[in-house]
Amino acid sequence: MQFRNNKREGEGTLTDRFGNKYVGEFLEGLRYGKGIFQGKNGLMYDGEWKSDKYHNFGILKVPGEFEYEGEFKNGVFHGKGKLITNSKEEYVGEFEDGKKSGLGRYLDPEGNIYDGIFKDGVFSGSGKLQLADGRVYQGNFSQGRLEGEGILYYLNGDVYEGGFK
């Protein structure tokens with residue numbers, strides 16, 4: 001690593017007083033480009049940086065919470081990615097400003113599967129929900145709930161088509 005105008009430049013290693021370690025590229029004193037961060041608490045990020053924040057593609061692991069592989073913007077999930085939580089929830093799809101937003105697939109620990117549109121982190125818009133008990137709903141969602149027109153298929157062959165609130 002070299003210094004220019006008293007700021008880190010190029011490739012190098014930085015270990016802070018807390019024991020966190022970064023190995024990678026610097027620009028004007030900030031993490032920028034490819035790099036790996038290992039936190040003393042077990043947090044690990046391997047990917048691209050811009051102005052000291054996760055940016056573009058990377059892998060973020062936070063022990064006891066989640067693992068994320070995908071795109072970032074300004075330090076938050078943004079773009080396409082895969083998120084697996086410690087509680088066995090899995091989401092593959094689009095993110096905007098750190099929230100599930102756009103087209104995605106969500107699997108919960110009970111075995112329910114949702115394929116469809118998300119807004120602000122919840123089901124919103126058109127989608128398909130396959131419940132672990134075998135029922136299937138295809139239709140509209142609002143704020144994570146069945147709302148509007150849809151079709152609900154039951155295991156015994158019954159079908160309900162109409163409005164949901």
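This report walks through some local features of a predicted model, from a buried aspartate to paired rings and a few unusual backbone angles.

## A buried aspartate in a loop

A good place to start is D108, in the loop that links β10 (99-107) to β11 (113-119). Which side chain of opposite charge is nearest to D108? That is R135, and it is 11 Å away. D108 is buried yet takes part in no salt bridge; a salt bridge would need the charged atoms to be within 4 Å, so R135 at 11 Å does not provide one.

D108 does have polar partners within its own loop region. Its side chain reaches the backbone nitrogen of G111 at 3.0 Å. The side chain of D108 also meets the side chain of N112 in a polar contact of 2.9 Å.

## Two hairpins in a row

The strands on either side of D108 pair with each other: β10 and β11 run antiparallel and are joined by 6 bridges. One example to look for is G102, whose bridge partner in β11 is F118. The hairpin made by β10 and β11 has 5 residues between the strands, and there G111 takes a positive phi near 100°. This is the G111 whose backbone nitrogen is reached by the side chain of D108.

Following the chain onward, β11 also pairs with β12 (residues 122-130), again in the antiparallel sense and over 6 bridges. Here Y114 has L129 as its bridge partner in β12. In this hairpin, 2 residues lie between the strands, and D120 takes a positive phi near 50°.

## Rings that meet

How many aromatic pairs does the model contain? The count comes to 24. One of them joins Y45 and Y54, with 4.1 Å from centre to centre and 25° between the planes. This pair counts as stacked because the planes are under 30 degrees apart. Both partners are buried: Y45 has a relative accessible area of 0%, and Y54 has one of 15%.

F72 and F77 give an edge-to-face pair, with centres 5.8 Å apart and 65° between the planes. Are these two phenylalanines buried or exposed? F72 is buried at 3% relative accessible area, and F77 also counts as buried, at 12%.

Rings can have charged neighbours too. R31 lies over the face of Y22, 5.7 Å from the ring centre. In another part of the chain, the charged end of K100 sits over the ring of Y91, at 5.7 Å from its centre.

## Backbone angles worth a look

Most residues other than glycine have a negative phi. Against that background, N56 stands out with a positive phi near 65°. N56 belongs to strand β6 (residues 53-62) and is partly exposed, with a relative accessible area of 38%.

Q143 is another non-glycine residue with a positive phi, of about 50°. Where does Q143 lie? It is in the loop between β13 (136-142) and β14. At 66% relative accessibility, Q143 counts as exposed.

## An exposed leucine

Finally, have a look at L155, in the loop between β14 (145-153) and β15 (159-164). L155 counts as exposed because its relative accessibility is 66%, and the cut-off for exposed is over 50%. To get a sense of distance in the model, compare L155 with G33: they are 122 residues apart in sequence and 53 Å apart in space, C-alpha to C-alpha.

Definitions and conventions
Residues numbered from 1 in each chain as written. Predicted model: local features only at pLDDT ≥ 70, side-chain atom pairs only at ≥ 80, totals over all residues. Heavy atoms only, no water. Helix = DSSP H or I, 4+ residues; strand = E, 2+ residues; numbered from the N terminus. Buried < 20%, exposed > 50% of the residue type's maximum accessible area, 1.4 Å probe, protein only. Lys, Arg positive; Asp, Glu negative; His and termini not counted. Polar contact = N/O pair within 3.5 Å; in protein donor to acceptor, adjacent residues only side chain to side chain. Pairing = 2+ DSSP bridges. Phe/Tyr/Trp six-rings, centres within 6.5 Å; stacked < 30°, edge-to-face > 60°. Lys NZ or Arg CZ within 6 Å of the ring centre and 35° of its normal.
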